[in-house]
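Here is a short set of exercises to work through with the sequence and the model side by side. Try each task on your own before you read the solution.

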Amino acid sequence: MGYLNNSIVTVDAILTKKGRELLAKNDGSFRITQFALADDEIDYTLYNPSHPSGSAFYGEAIENMPLLEAFPNETQIMKYKLVTLPRGTARLPILDLGSSAIEIKQGANFAITPQTLNYLGGNQSESQGYSFTISDVRLFGTFQGVGINTPAANTANSTTTIGTNVSKTVVGTTLNLRATTVNTLFGTNSSLSATLVVVGRDSGARLTIPVTVTKTSTN
């Protein structure tokens with residue numbers, strides 16, 4: 001990781017890990033059809049309408065902030081994507097999962113159906129659904145997004161996880177979970193924890209909540 005020279009206009013384009021995976025297949029599945037913009041690095045509290053040099057300098061501190069060099073981990077970059085909202089929008093959309101934390105027992109099933117509040121004049125589900133990213137997929141035997149039937153969503157979604165400590169992202173209007181039944185994963189712990197990140201694919205609204213799986217069997 002490095003910093004870019006923001007005294008000149010620079011375009012730093014790289015492939016994410018997923019993009020590299022598709023390119024390596026060499027089967028025609030790698031096709032760039034969309035792009036997104038984000039402002040992760042901008043601290044808007046630095047905008048100073050009281051700057052003694054006048055309005056041309058209100059954003060001076062923001063314009064002089066260092067810009068990070070692009071890196072390929074799509075779960076850690078472009079977290080705050082720029083979106084277009086209807087003119088006159090007074091409140092930014094926010095996500096509601098019905099709970100600020102999720103706790104489920106070993107082997108239990110659980111479903112999450114988000115709603116986006118303050119979106120298009122009301123509270124509703126987004127037409128493009130949501131992306132769900134779990135920090136440790138081992139905690140679940142099933143981590144599946146349903147409700148969005150597109151090639152990209154179908155590629156991302158799966159019904160069975162692997163036994164490796166990695167994150168996983170799926171897409172859907174609903175997330176179906178089934179907590180792991182593997183006792184050895186707990187070791188001496190009575191519970192395991194992970195973080196779930198949910199992002200609205202239309203609104204860009206983002207919510208992060210803790211997830212806990214509680215051990216129920218000692219056999």
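Before you begin, note that this is a predicted model. The protein chain has an average pLDDT of 83, and 89% of the residues reach at least 70.

**Exercise 1. Confidence along the chain**

Find the strand where confidence is lowest and the strand where it is highest.

Solution. Start at the low end: strand β1, residues 3–4, has a mean of 64. Now go to the high end: strand β5, residues 109–112, reaches 95. A word of care for your reading: where pLDDT is low, the predicted coordinates should not be read in detail.

**Exercise 2. The largest nonpolar core**

Work out how many residues the largest nonpolar core has, and which elements give two or more residues to it.

Solution. Step one is the count: the core has 25 residues. Step two is to pick out the residues with the most contacts inside it, which are Phe132, Ile134, Phe140, Phe143, Leu175 and Leu196. Step three is to place the core on the strands. Two or more residues come from each of β4 (102–105), β8 (130–134), β9 (140–146), β11 (174–179), β12 (191–200) and β13 (206–214). Of these, β12 gives the largest share, four residues.

**Exercise 3. Aromatic pairs**

Classify the pair of tyrosine 130 and phenylalanine 132, then the pair of phenylalanine 140 and phenylalanine 143: stacked, tilted or edge-to-face?

Solution. The count of aromatic pairs comes to three. For tyrosine 130 and phenylalanine 132, the ring centres are 6.4 Å apart and the planes stand at 50°, so this pair is tilted. The cut-offs behind that step are under 30 degrees for stacked and over 60 for edge-to-face. Phenylalanine 140 and phenylalanine 143 also make a tilted pair, with 6.2 Å from centre to centre and 40° between the planes.

Next, check burial, which means under 20% relative accessible area. Tyrosine 130 and phenylalanine 132 are both buried. Phenylalanine 140 is buried because its relative accessibility is 1%, and phenylalanine 143 is buried at 1% as well.

**Exercise 4. Positive phi outside glycine**

For asparagine 26 and asparagine 118, give phi, the place in the chain and the exposure.

Solution. Take asparagine 26 to begin with. Its phi is positive, about 55°, although the residue is not a glycine. Asparagine 26 sits in the loop between α1 (17–25) and α2 (60–63), and with 70% relative accessibility it counts as exposed.

Then turn to asparagine 118, where phi is near 60°, again positive in a residue other than glycine. Asparagine 118 belongs to strand β6, residues 115–119. Its relative accessible area is 28%, so asparagine 118 is partly exposed.

**Exercise 5. Separation in sequence and in space**

How far apart are the C-alpha atoms of asparagine 183 and threonine 216, and those of arginine 178 and valine 213?

Solution. Asparagine 183 and threonine 216 are 33 residues apart along the chain, and their C-alpha atoms are separated by 9.0 Å. Asparagine 183 is in the loop between β11 and β12, and it counts as buried at 18% relative accessibility.

Arginine 178 and valine 213 are 35 residues apart along the chain, with 9.9 Å between their C-alpha atoms. Arginine 178 lies in strand β11 and is partly exposed, at a relative accessible area of 35%.

**Exercise 6. A pocket**

Describe the volume and the lining of the second largest pocket.

Solution. Its volume is about 330 Å³. The lining has 13 residues, and Lys81, Val83, Leu92, Ser203 and Gly204 lie nearest the pocket's centre. Sorted by class, the lining has eight nonpolar, two polar and three charged residues.

Note on methods: Residues are numbered from 1 along each chain as its sequence is written. This is a predicted model: local features need pLDDT of at least 70, side-chain atom pairs count only at pLDDT 80 or more; totals for chains, interfaces and linings use all residues. Side-chain values use heavy atoms; hydrogens and water are left out. A nonpolar core is a set of buried Ala, Val, Leu, Ile, Met, Phe, Trp, Tyr and Cys residues joined through side-chain atoms within 4.5 Å. Buried means under 20% relative accessible area, exposed over 50%, partly exposed in between (1.4 Å probe, protein chains only). pLDDT is the predictor's confidence in each residue, from 0 to 100. On a 1 Å grid over the protein atoms alone, a cavity is a set of points where a 1.4 Å probe fits but cannot get out, and a pocket is an open set with protein on both sides within 12 Å along at least five of seven lines; lining residues have an atom within 4 Å of a point. Grid points are joined across faces, edges and corners, and a volume is the space filled by probe spheres set on the points. Ala, Val, Leu, Ile, Met, Phe, Trp, Tyr, Cys and Pro count as nonpolar, Asp, Glu, Lys and Arg as charged, and the others, Gly among them, as polar. Rings of Phe, Tyr and Trp (its six-membered ring) pair if their centres lie within 6.5 Å; planes under 30 degrees apart count as stacked, over 60 as edge-to-face and the rest as tilted.
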